[in-house]
Amino acid sequence: MIERLKESGTQAFGFKVTGKVTAEEVAAFLPQMESAIAERHKRPIGILADLIAMEGVDWRARWQEIQFLSKHADHIARVAVVGARKWEE
């Protein structure tokens with residue numbers, strides 16, 4: 001499951017991932033990120049990803065992530081990833 005952190009503001013978008021991420025979850029969540037980027041009116045946004053409770057991700061979901069980052073690279077100032085799993089390395 002992917003959920004937006006309530007502490008997210010106008011300059012940063014935070015989200016927490018739990019369990020194994022599916023392409024359907026990513027497809028449902030990406031519009032929230034796109035909306036946050038659009039609200040910034042072309043000013044870059046920061047992204048915080050809490051992956052501590054994430055158990056994995058399917059390849060279609062990973063591909064969607066790559067497509068999103070390619071499309072919005074100019075609108076992302078920085079990305080911080082918090083995690084504690086060996087596979088993340």
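Let us begin where two helices touch: Ala 23, Glu 24, Val 26, Ala 27, Leu 30, Met 33, Glu 34 and Ile 37 in H1 meet Arg 60, Ala 61, Gln 64, Phe 68, Lys 71 and His 72 in H2 (contact means heavy atoms within 4.5 Å; helices are DSSP runs of H or I with at least four residues, strands runs of E with at least two, numbered from the N terminus). This contact comprises eight nonpolar, two polar and four charged residues (Ala, Val, Leu, Ile, Met, Phe, Trp, Tyr, Cys and Pro count as nonpolar, Asp, Glu, Lys and Arg as charged, the others, Gly among them, as polar).

The model is predicted: local features need pLDDT of at least 70 and side-chain atom pairs 80 or more, while totals for chains, interfaces and linings use all residues. Numbering starts from 1 along each chain as its sequence is written, and side-chain values use heavy atoms, leaving out hydrogens and water.

Now for the largest pocket. Strand E2 (12–21), helix H1 (23–39), strand E3 (45–57), helix H2 (59–72) and strand E4 (76–82) each give its lining at least two residues. That lining divides into 19 nonpolar, no polar and three charged residues.
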